[in-house]
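Open your viewer, get comfortable, and follow along one selection at a time. At each stop you will be told what to select and what to look for.

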Amino acid sequence: MKQRTTYLVSSPEYTHPDNFELSPESLHIKTLHAAREDRLTIGYNELPPELWNVLKQCNEVFIRWSTGKPYESVDPFGSRVPAGLHVFLKPQREALPFHHRSSICTLLNDAFGLNKDECKGFEESFVEIPGGYQFYSPLKSIEQFESFVEKLLCKTDYCRARVAPLGSADYIDLKYDAVSQTLVANSFWSRPEQPWQETVKSVEGHKNIEVGVLGNDPPIAPESLTMGGVLHVVAKDDKLEPVMFTFPSRHHRSLGSFTLTTPLPTGLHPKLELAISPSGSPLKPPSEDCTLNAYFTLPKALFVDKYQLSTANPQLLKSLNLKRLRNVSGETDLEAPVWGVTRWGSSILVELDEAGSTFELPLHLRYLEPRNGTDQAQVSFASPSVFWACKSEEWSMMSNNPFDRSHLGWEHLFPEQTMYYHLSPATGEEAWKTVDVPVLDLRYAGIVKVGTVVVVLGGFFWVCWKVFSSFAAANKEEEVKKTQ
(Lines give C-alpha, C1' and ligand atoms only; values in the text may rest on other atoms or scores of the structure.)
Protein backbone atom coordinates (compact mmCIF):
# COMPACT_ATOMS: atom_id res chain seq x y z
CA MET A 1 0.00 0.00 0.00
CA LYS A 2 1.32 3.40 -1.01
CA GLN A 3 0.07 6.77 0.12
CA ARG A 4 0.69 10.20 -1.41
CA THR A 5 -0.63 13.48 -0.05
CA THR A 6 -0.22 16.69 -2.06
CA TYR A 7 -0.92 20.11 -0.62
CA LEU A 8 -1.29 22.85 -3.21
CA VAL A 9 -0.40 26.21 -1.66
CA SER A 10 -0.78 29.70 -3.09
CA SER A 11 2.23 31.23 -1.31
CA PRO A 12 5.85 29.98 -0.95
CA GLU A 13 5.83 30.90 2.76
CA TYR A 14 3.90 27.71 3.54
CA THR A 15 6.85 25.60 2.33
CA HIS A 16 9.22 27.16 4.89
CA PRO A 17 10.84 24.51 7.14
CA ASP A 18 9.52 26.28 10.26
CA ASN A 19 6.01 25.18 9.25
CA PHE A 20 6.94 21.51 9.80
CA GLU A 21 8.30 19.28 12.54
CA LEU A 22 10.22 16.14 11.59
CA SER A 23 10.73 13.00 13.61
CA PRO A 24 12.09 9.57 12.64
CA GLU A 25 8.53 8.22 12.25
CA SER A 26 6.35 11.22 11.40
CA LEU A 27 5.89 14.62 9.79
CA HIS A 28 3.89 17.24 11.66
CA ILE A 29 2.27 20.02 9.62
CA LYS A 30 1.56 23.11 11.73
CA THR A 31 -0.80 24.96 9.41
CA LEU A 32 -1.50 24.95 5.69
CA HIS A 33 -4.06 26.97 3.76
CA ALA A 34 -4.08 24.68 0.77
CA ALA A 35 -6.02 22.51 -1.63
CA ARG A 36 -5.25 18.86 -1.02
CA GLU A 37 -5.21 15.58 -2.90
CA ASP A 38 -4.80 12.17 -1.26
CA ARG A 39 -3.82 9.18 -3.37
CA LEU A 40 -3.83 5.61 -2.06
CA THR A 41 -2.51 2.71 -4.16
CA ILE A 42 -3.59 -0.75 -2.99
CA GLY A 43 -2.44 -4.07 -4.43
CA TYR A 44 -4.98 -6.79 -5.19
CA ASN A 45 -3.61 -8.99 -2.38
CA GLU A 46 -4.43 -6.22 0.12
CA LEU A 47 -8.07 -5.90 -0.97
CA PRO A 48 -10.89 -7.61 0.95
CA PRO A 49 -12.49 -10.55 -0.92
CA GLU A 50 -15.87 -8.86 -1.44
CA LEU A 51 -14.14 -6.07 -3.34
CA TRP A 52 -11.57 -8.15 -5.21
CA ASN A 53 -14.18 -10.68 -6.40
CA VAL A 54 -15.93 -7.90 -8.32
CA LEU A 55 -12.85 -6.08 -9.63
CA LYS A 56 -11.20 -9.21 -11.02
CA GLN A 57 -14.12 -9.63 -13.42
CA CYS A 58 -13.16 -6.36 -15.16
CA ASN A 59 -10.37 -5.14 -17.38
CA GLU A 60 -10.93 -1.56 -16.19
CA VAL A 61 -13.13 0.17 -13.63
CA PHE A 62 -13.39 3.92 -13.09
CA ILE A 63 -15.67 5.24 -10.34
CA ARG A 64 -15.97 9.01 -9.95
CA TRP A 65 -18.06 11.02 -7.53
CA SER A 66 -18.30 14.82 -7.59
CA THR A 67 -20.00 17.02 -5.04
CA GLY A 68 -22.90 19.29 -5.87
CA LYS A 69 -21.43 22.00 -3.65
CA PRO A 70 -19.55 24.84 -5.37
CA TYR A 71 -15.79 24.45 -5.31
CA GLU A 72 -12.88 26.21 -6.96
CA SER A 73 -10.82 24.43 -9.58
CA VAL A 74 -7.05 24.79 -9.48
CA ASP A 75 -4.31 23.27 -11.64
CA PRO A 76 -3.29 20.47 -11.81
CA PHE A 77 -6.73 19.46 -10.48
CA GLY A 78 -8.77 21.49 -12.97
CA SER A 79 -10.81 18.70 -14.59
CA ARG A 80 -14.50 18.34 -13.74
CA VAL A 81 -17.36 15.87 -14.16
CA PRO A 82 -21.08 16.56 -13.60
CA ALA A 83 -22.12 16.20 -9.97
CA GLY A 84 -23.08 12.70 -8.85
CA LEU A 85 -21.69 9.18 -9.14
CA HIS A 86 -20.22 7.98 -12.45
CA VAL A 87 -19.15 4.38 -13.07
CA PHE A 88 -17.32 3.30 -16.23
CA LEU A 89 -16.22 -0.30 -16.68
CA LYS A 90 -14.97 -2.78 -19.25
CA PRO A 91 -15.74 -6.41 -18.30
CA GLN A 92 -13.39 -9.31 -18.97
CA ARG A 93 -14.34 -10.93 -22.26
CA GLU A 94 -13.24 -14.40 -21.19
CA ALA A 95 -15.25 -14.31 -17.98
CA LEU A 96 -18.87 -15.39 -17.57
CA PRO A 97 -21.46 -13.16 -19.28
CA PHE A 98 -21.41 -10.04 -17.14
CA HIS A 99 -25.19 -9.72 -17.00
CA HIS A 100 -25.22 -12.93 -14.93
CA ARG A 101 -23.20 -11.13 -12.25
CA SER A 102 -25.23 -8.80 -10.10
CA SER A 103 -22.29 -8.32 -7.73
CA ILE A 104 -21.32 -4.98 -9.29
CA CYS A 105 -24.63 -3.44 -8.22
CA THR A 106 -24.45 -5.11 -4.82
CA LEU A 107 -21.04 -3.51 -4.31
CA LEU A 108 -22.21 -0.07 -5.49
CA ASN A 109 -25.32 -0.22 -3.30
CA ASP A 110 -23.30 -1.21 -0.23
CA ALA A 111 -20.50 1.28 -0.85
CA PHE A 112 -22.52 4.36 -1.76
CA GLY A 113 -25.95 3.70 -0.28
CA LEU A 114 -27.79 3.78 -3.60
CA ASN A 115 -31.47 3.17 -3.94
CA LYS A 116 -31.77 -0.49 -4.98
CA ASP A 117 -34.13 0.55 -7.77
CA GLU A 118 -31.24 2.51 -9.32
CA CYS A 119 -28.78 -0.36 -9.68
CA LYS A 120 -30.55 -3.71 -9.98
CA GLY A 121 -27.99 -5.54 -12.08
CA PHE A 122 -25.48 -5.03 -14.83
CA GLU A 123 -27.83 -5.76 -17.74
CA GLU A 124 -30.73 -3.79 -16.25
CA SER A 125 -28.82 -0.69 -15.11
CA PHE A 126 -25.71 -0.05 -17.22
CA VAL A 127 -25.81 1.56 -20.67
CA GLU A 128 -23.35 0.72 -23.40
CA ILE A 129 -20.95 3.43 -24.50
CA PRO A 130 -18.04 3.25 -26.97
CA GLY A 131 -15.43 1.03 -25.34
CA GLY A 132 -17.40 -0.09 -22.30
CA TYR A 133 -20.42 0.50 -20.08
CA GLN A 134 -21.62 3.38 -17.94
CA PHE A 135 -23.78 3.86 -14.86
CA TYR A 136 -24.77 7.16 -13.28
CA SER A 137 -26.60 8.14 -10.10
CA PRO A 138 -27.43 11.67 -8.87
CA LEU A 139 -25.74 10.87 -5.54
CA LYS A 140 -25.43 13.99 -3.39
CA SER A 141 -23.69 12.63 -0.28
CA ILE A 142 -20.62 10.44 0.12
CA GLU A 143 -21.04 9.71 3.83
CA GLN A 144 -22.01 6.07 3.22
CA PHE A 145 -18.75 5.54 1.32
CA GLU A 146 -16.77 6.93 4.24
CA SER A 147 -18.35 4.34 6.56
CA PHE A 148 -17.87 1.60 3.97
CA VAL A 149 -14.13 2.28 3.60
CA GLU A 150 -13.61 2.53 7.34
CA LYS A 151 -15.34 -0.78 7.94
CA LEU A 152 -13.69 -2.59 5.03
CA LEU A 153 -10.10 -1.33 5.11
CA CYS A 154 -9.35 0.28 8.48
CA LYS A 155 -7.95 -1.73 11.36
CA THR A 156 -6.28 1.12 13.28
CA ASP A 157 -7.37 4.44 14.74
CA TYR A 158 -4.83 6.18 12.50
CA CYS A 159 -6.51 4.75 9.40
CA ARG A 160 -9.93 5.86 10.65
CA ALA A 161 -8.60 9.36 11.23
CA ARG A 162 -7.29 9.46 7.65
CA VAL A 163 -10.67 8.32 6.28
CA ALA A 164 -12.74 10.78 8.33
CA PRO A 165 -12.35 13.81 5.96
CA LEU A 166 -13.79 11.87 2.98
CA GLY A 167 -17.30 13.11 3.70
CA SER A 168 -16.25 16.69 2.90
CA ALA A 169 -14.27 15.91 -0.29
CA ASP A 170 -15.07 17.77 -3.51
CA TYR A 171 -14.48 14.69 -5.60
CA ILE A 172 -13.40 11.07 -5.17
CA ASP A 173 -11.93 8.81 -7.86
CA LEU A 174 -11.41 5.05 -7.84
CA LYS A 175 -9.46 3.35 -10.61
CA TYR A 176 -8.68 -0.33 -11.21
CA ASP A 177 -7.04 -2.01 -14.20
CA ALA A 178 -6.28 -5.68 -14.74
CA VAL A 179 -2.73 -5.04 -16.01
CA SER A 180 -1.39 -3.54 -12.77
CA GLN A 181 -3.99 -5.29 -10.57
CA THR A 182 -4.01 -2.28 -8.27
CA LEU A 183 -6.77 -0.05 -6.98
CA VAL A 184 -5.93 3.67 -6.96
CA ALA A 185 -8.13 5.94 -4.84
CA ASN A 186 -7.95 9.74 -5.10
CA SER A 187 -9.78 12.34 -3.04
CA PHE A 188 -9.61 16.11 -3.47
CA TRP A 189 -10.46 19.11 -1.30
CA SER A 190 -10.27 22.56 -2.91
CA ARG A 191 -10.82 24.71 0.15
CA PRO A 192 -11.13 23.15 3.63
CA GLU A 193 -13.19 24.86 6.31
CA GLN A 194 -10.11 25.05 8.54
CA PRO A 195 -6.37 25.10 7.67
CA TRP A 196 -4.78 21.66 7.54
CA GLN A 197 -3.06 20.74 10.79
CA GLU A 198 -2.04 17.12 11.13
CA THR A 199 0.63 14.57 11.86
CA VAL A 200 1.43 12.02 9.16
CA LYS A 201 2.80 8.83 10.73
CA SER A 202 4.51 5.72 9.49
CA VAL A 203 2.53 2.94 11.17
CA GLU A 204 1.69 -0.66 10.37
CA GLY A 205 -0.10 -0.70 7.02
CA HIS A 206 0.90 2.90 6.29
CA LYS A 207 4.66 2.90 5.77
CA ASN A 208 5.20 4.15 2.21
CA ILE A 209 3.96 7.73 2.60
CA GLU A 210 5.02 10.67 0.44
CA VAL A 211 3.99 14.23 1.30
CA GLY A 212 4.37 17.16 -1.08
CA VAL A 213 3.75 20.84 -0.41
CA LEU A 214 3.75 22.46 -3.84
CA GLY A 215 2.74 25.61 -5.64
CA ASN A 216 2.15 26.52 -9.28
CA ASP A 217 4.95 28.39 -11.03
CA PRO A 218 4.72 30.05 -14.46
CA PRO A 219 4.72 27.23 -17.06
CA ILE A 220 7.58 27.02 -19.51
CA ALA A 221 5.31 25.77 -22.32
CA PRO A 222 1.59 26.36 -23.09
CA GLU A 223 0.66 22.69 -22.65
CA SER A 224 2.70 22.20 -19.48
CA LEU A 225 2.44 22.92 -15.79
CA THR A 226 5.40 23.81 -13.58
CA MET A 227 5.32 23.13 -9.85
CA GLY A 228 7.78 23.79 -7.07
CA GLY A 229 7.98 23.25 -3.34
CA VAL A 230 9.14 20.51 -0.98
CA LEU A 231 8.75 16.72 -0.83
CA HIS A 232 9.20 14.35 2.09
CA VAL A 233 8.98 10.58 2.45
CA VAL A 234 7.90 9.88 6.01
CA ALA A 235 10.30 7.75 8.10
CA LYS A 236 12.79 7.70 5.23
CA ASP A 237 14.00 11.25 4.50
CA ASP A 238 15.73 13.20 7.23
CA LYS A 239 14.80 16.58 5.77
CA LEU A 240 12.39 18.32 3.41
CA GLU A 241 13.68 18.04 -0.14
CA PRO A 242 13.22 21.09 -2.42
CA VAL A 243 11.83 20.20 -5.83
CA MET A 244 10.70 21.79 -9.09
CA PHE A 245 9.36 19.88 -12.07
CA THR A 246 7.49 20.45 -15.35
CA PHE A 247 5.12 18.08 -17.11
CA PRO A 248 2.61 18.20 -20.00
CA SER A 249 -0.95 18.15 -18.66
CA ARG A 250 -4.04 16.68 -20.30
CA HIS A 251 -6.37 18.90 -18.27
CA HIS A 252 -6.14 22.62 -17.50
CA ARG A 253 -8.32 25.10 -15.69
CA SER A 254 -9.96 27.72 -17.94
CA LEU A 255 -10.64 31.27 -16.80
CA GLY A 256 -14.16 31.15 -18.25
CA SER A 257 -17.31 30.21 -16.33
CA PHE A 258 -20.87 29.20 -17.19
CA THR A 259 -24.44 29.25 -15.91
CA LEU A 260 -27.33 26.93 -16.78
CA THR A 261 -30.99 27.97 -16.68
CA THR A 262 -34.31 26.41 -17.70
CA PRO A 263 -36.51 29.04 -19.39
CA LEU A 264 -40.21 29.02 -18.54
CA PRO A 265 -42.67 27.61 -19.39
CA THR A 266 -41.17 24.12 -19.50
CA GLY A 267 -44.09 21.84 -20.44
CA LEU A 268 -43.30 18.59 -22.22
CA HIS A 269 -40.33 20.13 -24.02
CA PRO A 270 -37.97 21.76 -21.49
CA LYS A 271 -35.03 23.78 -22.74
CA LEU A 272 -31.60 24.19 -21.19
CA GLU A 273 -29.94 27.55 -21.73
CA LEU A 274 -26.17 27.60 -21.25
CA ALA A 275 -24.44 30.99 -20.95
CA ILE A 276 -20.66 31.41 -21.05
CA SER A 277 -18.92 34.25 -19.22
CA PRO A 278 -17.04 36.43 -19.90
CA SER A 279 -19.44 36.93 -22.76
CA GLY A 280 -18.14 37.92 -26.11
CA SER A 281 -18.79 37.41 -29.77
CA PRO A 282 -16.95 35.30 -30.62
CA LEU A 283 -15.59 33.59 -27.50
CA LYS A 284 -11.83 33.38 -27.41
CA PRO A 285 -10.53 29.79 -27.40
CA PRO A 286 -7.15 28.86 -25.88
CA SER A 287 -5.83 28.24 -29.39
CA GLU A 288 -7.14 28.32 -32.96
CA ASP A 289 -7.87 24.59 -33.27
CA CYS A 290 -10.08 24.27 -30.17
CA THR A 291 -13.75 23.31 -30.00
CA LEU A 292 -16.16 24.26 -27.21
CA ASN A 293 -18.14 21.32 -25.78
CA ALA A 294 -20.71 20.50 -23.10
CA TYR A 295 -21.21 17.04 -21.57
CA PHE A 296 -24.57 16.26 -19.91
CA THR A 297 -25.82 13.30 -17.89
CA LEU A 298 -29.62 13.33 -18.12
CA PRO A 299 -32.00 11.25 -15.98
CA LYS A 300 -34.33 8.85 -17.77
CA ALA A 301 -37.22 11.33 -17.49
CA LEU A 302 -35.43 13.66 -19.96
CA PHE A 303 -33.82 12.96 -23.32
CA VAL A 304 -32.70 14.61 -26.53
CA ASP A 305 -33.99 13.73 -29.97
CA LYS A 306 -30.83 12.93 -31.93
CA TYR A 307 -32.77 13.16 -35.19
CA GLN A 308 -34.00 16.66 -34.36
CA LEU A 309 -30.42 17.78 -33.64
CA SER A 310 -28.95 16.06 -36.68
CA THR A 311 -26.61 18.00 -38.97
CA ALA A 312 -29.38 17.53 -41.55
CA ASN A 313 -31.10 20.45 -39.72
CA PRO A 314 -28.41 23.14 -40.04
CA GLN A 315 -30.83 26.05 -39.63
CA LEU A 316 -32.13 24.69 -36.32
CA LEU A 317 -28.60 24.08 -35.02
CA LYS A 318 -27.59 27.60 -36.01
CA SER A 319 -30.58 29.12 -34.19
CA LEU A 320 -29.54 27.20 -31.05
CA ASN A 321 -25.84 28.15 -31.40
CA LEU A 322 -24.94 24.46 -31.67
CA LYS A 323 -22.51 22.99 -34.18
CA ARG A 324 -23.40 19.32 -33.79
CA LEU A 325 -24.47 16.59 -31.44
CA ARG A 326 -21.23 14.64 -31.04
CA ASN A 327 -22.64 11.63 -29.23
CA VAL A 328 -25.69 10.25 -27.43
CA SER A 329 -25.45 7.07 -25.33
CA GLY A 330 -28.13 5.43 -23.25
CA GLU A 331 -31.91 5.61 -23.33
CA THR A 332 -33.06 7.43 -26.48
CA ASP A 333 -36.40 5.74 -27.25
CA LEU A 334 -38.67 8.59 -28.34
CA GLU A 335 -41.93 6.89 -27.32
CA ALA A 336 -41.20 5.02 -24.07
CA PRO A 337 -42.75 6.38 -20.85
CA VAL A 338 -40.52 6.69 -17.80
CA TRP A 339 -41.84 3.42 -16.31
CA GLY A 340 -40.84 1.61 -19.49
CA VAL A 341 -37.18 2.67 -19.13
CA THR A 342 -35.00 0.50 -16.86
CA ARG A 343 -31.60 2.15 -17.22
CA TRP A 344 -30.54 5.40 -15.56
CA GLY A 345 -30.78 7.75 -18.55
CA SER A 346 -28.41 9.08 -21.19
CA SER A 347 -25.14 10.96 -21.67
CA ILE A 348 -24.89 13.68 -24.29
CA LEU A 349 -21.87 15.44 -25.75
CA VAL A 350 -22.67 18.51 -27.83
CA GLU A 351 -20.27 20.82 -29.66
CA LEU A 352 -21.14 24.49 -29.17
CA ASP A 353 -20.73 27.28 -31.68
CA GLU A 354 -18.13 29.59 -30.12
CA ALA A 355 -19.44 32.42 -32.30
CA GLY A 356 -22.16 32.85 -29.66
CA SER A 357 -22.10 33.09 -25.87
CA THR A 358 -25.56 31.62 -25.13
CA PHE A 359 -26.58 28.14 -26.24
CA GLU A 360 -29.83 26.23 -26.10
CA LEU A 361 -30.37 22.49 -25.84
CA PRO A 362 -33.98 21.33 -26.49
CA LEU A 363 -35.09 18.35 -24.40
CA HIS A 364 -38.13 16.09 -24.36
CA LEU A 365 -40.00 14.79 -21.33
CA ARG A 366 -41.13 11.21 -20.98
CA TYR A 367 -44.60 10.59 -19.59
CA LEU A 368 -44.21 10.35 -15.81
CA GLU A 369 -46.18 8.28 -13.31
CA PRO A 370 -49.47 9.98 -12.33
CA ARG A 371 -49.59 11.85 -9.00
CA ASN A 372 -52.42 12.24 -6.54
CA GLY A 373 -53.36 15.83 -5.73
CA THR A 374 -50.98 17.63 -8.09
CA ASP A 375 -50.41 18.09 -11.80
CA GLN A 376 -46.75 19.13 -11.38
CA ALA A 377 -43.56 17.19 -10.63
CA GLN A 378 -39.89 18.10 -10.36
CA VAL A 379 -37.12 16.43 -12.32
CA SER A 380 -33.59 16.92 -10.97
CA PHE A 381 -30.39 16.76 -13.00
CA ALA A 382 -26.77 17.92 -12.79
CA SER A 383 -25.16 20.84 -14.57
CA PRO A 384 -22.86 19.79 -17.42
CA SER A 385 -19.12 19.77 -17.76
CA VAL A 386 -18.09 22.54 -20.18
CA PHE A 387 -14.64 22.51 -21.75
CA TRP A 388 -12.46 23.43 -24.69
CA ALA A 389 -10.94 20.47 -26.55
CA CYS A 390 -7.68 21.43 -28.28
CA LYS A 391 -5.12 19.65 -30.40
CA SER A 392 -2.00 18.74 -28.43
CA GLU A 393 1.59 18.46 -29.59
CA GLU A 394 2.73 16.86 -26.31
CA TRP A 395 -0.03 14.26 -25.99
CA SER A 396 2.34 11.28 -25.92
CA MET A 397 3.96 12.60 -22.72
CA MET A 398 0.79 13.42 -20.79
CA SER A 399 0.63 10.05 -19.05
CA ASN A 400 3.82 11.12 -17.22
CA ASN A 401 1.77 13.68 -15.33
CA PRO A 402 1.76 12.48 -11.68
CA PHE A 403 -1.70 14.05 -11.29
CA ASP A 404 -3.19 12.80 -14.56
CA ARG A 405 -6.94 12.15 -14.60
CA SER A 406 -8.58 10.23 -17.44
CA HIS A 407 -11.85 8.48 -18.36
CA LEU A 408 -14.13 11.34 -17.39
CA GLY A 409 -16.86 10.22 -19.76
CA TRP A 410 -16.01 11.91 -23.04
CA GLU A 411 -12.28 11.53 -23.87
CA HIS A 412 -12.96 8.41 -25.93
CA LEU A 413 -14.99 10.62 -28.28
CA PHE A 414 -11.97 12.77 -29.14
CA PRO A 415 -8.63 11.92 -30.78
CA GLU A 416 -5.90 10.79 -28.41
CA GLN A 417 -3.94 13.94 -29.32
CA THR A 418 -6.32 16.19 -27.35
CA MET A 419 -6.00 18.37 -24.25
CA TYR A 420 -8.83 20.04 -22.34
CA TYR A 421 -9.48 23.43 -20.71
CA HIS A 422 -12.31 23.19 -18.18
CA LEU A 423 -14.70 26.03 -17.40
CA SER A 424 -16.05 26.30 -13.84
CA PRO A 425 -19.64 27.04 -12.80
CA ALA A 426 -20.12 30.76 -12.13
CA THR A 427 -19.91 31.96 -8.53
CA GLY A 428 -23.07 30.96 -6.68
CA GLU A 429 -24.13 28.56 -9.45
CA GLU A 430 -25.79 25.42 -8.08
CA ALA A 431 -24.61 22.11 -9.51
CA TRP A 432 -28.06 20.53 -9.16
CA LYS A 433 -30.92 21.86 -11.27
CA THR A 434 -34.64 21.10 -11.15
CA VAL A 435 -37.35 21.65 -13.71
CA ASP A 436 -41.11 21.66 -13.08
CA VAL A 437 -42.95 19.39 -15.51
CA PRO A 438 -46.62 18.36 -15.98
CA VAL A 439 -48.02 15.03 -14.80
CA LEU A 440 -51.50 13.51 -14.67
CA ASP A 441 -53.41 14.33 -11.47
CA LEU A 442 -55.18 11.12 -10.41
CA ARG A 443 -58.15 13.17 -9.20
CA TYR A 444 -58.96 13.88 -12.84
CA ALA A 445 -57.99 10.47 -14.24
CA GLY A 446 -61.66 9.46 -14.69
CA ILE A 447 -62.46 12.65 -16.54
CA VAL A 448 -59.40 12.15 -18.74
CA LYS A 449 -60.47 8.59 -19.56
CA VAL A 450 -64.00 9.62 -20.46
CA GLY A 451 -62.72 12.63 -22.37
CA THR A 452 -60.26 10.47 -24.29
CA VAL A 453 -63.01 8.01 -25.26
CA VAL A 454 -65.28 10.86 -26.34
CA VAL A 455 -62.55 12.49 -28.43
CA VAL A 456 -61.51 9.18 -30.04
CA LEU A 457 -65.08 8.17 -30.86
CA GLY A 458 -65.89 11.70 -32.03
CA GLY A 459 -62.89 11.63 -34.31
CA PHE A 460 -63.82 8.19 -35.61
CA PHE A 461 -67.40 9.25 -36.43
CA TRP A 462 -66.16 12.48 -38.00
CA VAL A 463 -63.83 10.53 -40.30
CA CYS A 464 -66.66 8.12 -41.17
CA TRP A 465 -68.98 11.03 -41.89
CA LYS A 466 -66.41 12.67 -44.15
CA VAL A 467 -65.87 9.39 -46.03
CA PHE A 468 -69.59 8.76 -46.53
CA SER A 469 -70.12 12.41 -47.47
CA SER A 470 -67.49 12.16 -50.17
CA PHE A 471 -69.06 8.97 -51.52
CA ALA A 472 -72.52 10.58 -51.51
CA ALA A 473 -71.19 13.67 -53.29
CA ALA A 474 -69.47 11.49 -55.88
CA ASN A 475 -72.64 9.44 -56.51
CA LYS A 476 -74.76 12.58 -56.82
CA GLU A 477 -72.32 14.05 -59.31
CA GLU A 478 -72.45 10.81 -61.32
CA GLU A 479 -76.25 10.87 -61.41
CA VAL A 480 -76.23 14.48 -62.59
CA LYS A 481 -73.91 13.55 -65.43
CA LYS A 482 -76.19 10.68 -66.45
CA THR A 483 -79.31 12.91 -66.55
CA GLN A 484 -77.50 15.32 -68.85
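## A residue between a helix and a strand

Select N321, which lies in the loop between helix α6 (314–320) and strand β19 (322–330). This is a predicted model, and in it the phi of N321 is near 60°, a positive value in a residue other than glycine. Most residues other than glycine have a negative phi, and most peptide bonds are trans. Is N321 buried, exposed or partly exposed? Its relative accessible area is 21%, and buried means under 20%, so N321 counts as partly exposed.

Now move to Q181, in the loop between β9 (171–177) and β10. Q181 is another residue other than glycine with a positive phi, here near 55°. With a relative accessible area of 30%, Q181 is partly exposed.

## Zoom out to the whole chain

Show the full protein chain as a cartoon. You should find 7 helices and 26 strands. Along the principal axes, the C-alpha atoms fill a box of roughly 120 × 50 × 45 Å.

Next, colour by domain. The domain assignment gives domain 1 (2–248), domain 2 (252–440) and domain 3 (443–482). How far apart are the C-alpha centres of domain 1 and domain 3? They lie 68 Å apart.

Switch on the surface for a moment. The chain exposes about 24500 Å², and carbon and sulfur atoms supply 54% of that area. Of the 484 residues, 48% are buried. Among contacts with a separation of 6 or more, 74% are between residues 24 or more positions apart. If you colour the charges, you will have 47 positive and 59 negative ones, and their mean positions are 4 Å apart.

## Helix α2 and the core

Select residues 103–112, which form helix α2. How many of its 10 residues are buried? The helix is mostly covered, with 7 of them buried. Show these as sticks: I104, C105, L107, L108, N109, A111 and F112. An α-helix has 3.6 residues a turn, so residues three or four places apart point the same way. Step just past the helix to G113, where phi is positive, at about 70°.

Now look at the largest nonpolar core, which has 67 residues. Which of them touch the most other members? Select L32, L108, F112, F126 and F145. Helix α2 gives this core its largest share, 6 residues. The core also draws at least three residues from each of domain 1 (2–248) and domain 2 (252–440).

Centre the view on L108. Leaving aside neighbours within four places in sequence, L108 is in contact with I63, V87, G113, L114, C119, F126 and F135. There is also a second, separate core of 42 residues; to find it, select some of its members, including I276, L283, V350 and V386.

## A buried tyrosine

Select Y136 in strand β8 (residues 132–137). Why does Y136 count as buried? Its relative accessibility is 6%, and the cut-off for buried is under 20%, so Y136 falls on the buried side. Leaving aside neighbours within four places in sequence, Y136 is in contact with A83, G84, L85, H86, T297, W344, A382 and W432. Add E411 to your selection: Y136 and E411 are 275 residues apart in sequence and 17 Å apart in space, C-alpha to C-alpha.

## Out to an exposed loop

Turn next to E193, in the loop between β10 (182–189) and β11 (196–201). Is E193 buried or exposed? E193 has a relative accessible area of 81%, and exposed means over 50%, so E193 is exposed. Select S168 as well: from E193 to S168 is 25 residues in sequence and 9.4 Å in space, C-alpha to C-alpha.

## Two cis peptide bonds

Select D75 and P76, which are joined by a cis peptide bond with omega of about 10°. P76 is in the loop between β5 (58–66) and β6 (84–91).

For the last stop, select L264 and P265. The peptide bond from L264 to P265 is cis too, with omega near -10°. Where is P265 found? Look in the loop between β15 (251–261) and β16 (271–277).

Conventions: Residues numbered from 1 in each chain as written. Predicted model: local features only at pLDDT ≥ 70, side-chain atom pairs only at ≥ 80, totals over all residues. Heavy atoms only, no water. Buried < 20%, exposed > 50% of the residue type's maximum accessible area, 1.4 Å probe, protein only. Helix = DSSP H or I, 4+ residues; strand = E, 2+ residues; numbered from the N terminus. Domains from an automatic or database assignment. Core = buried A, V, L, I, M, F, W, Y, C linked by side-chain atoms within 4.5 Å. Contact = heavy atoms within 4.5 Å. Areas by Shrake-Rupley, 256 points an atom, 1.4 Å probe, with all protein chains shown as cover. Lys, Arg positive; Asp, Glu negative; His and termini not counted. Charge placed at Lys NZ, Arg CZ, Asp CG, Glu CD.
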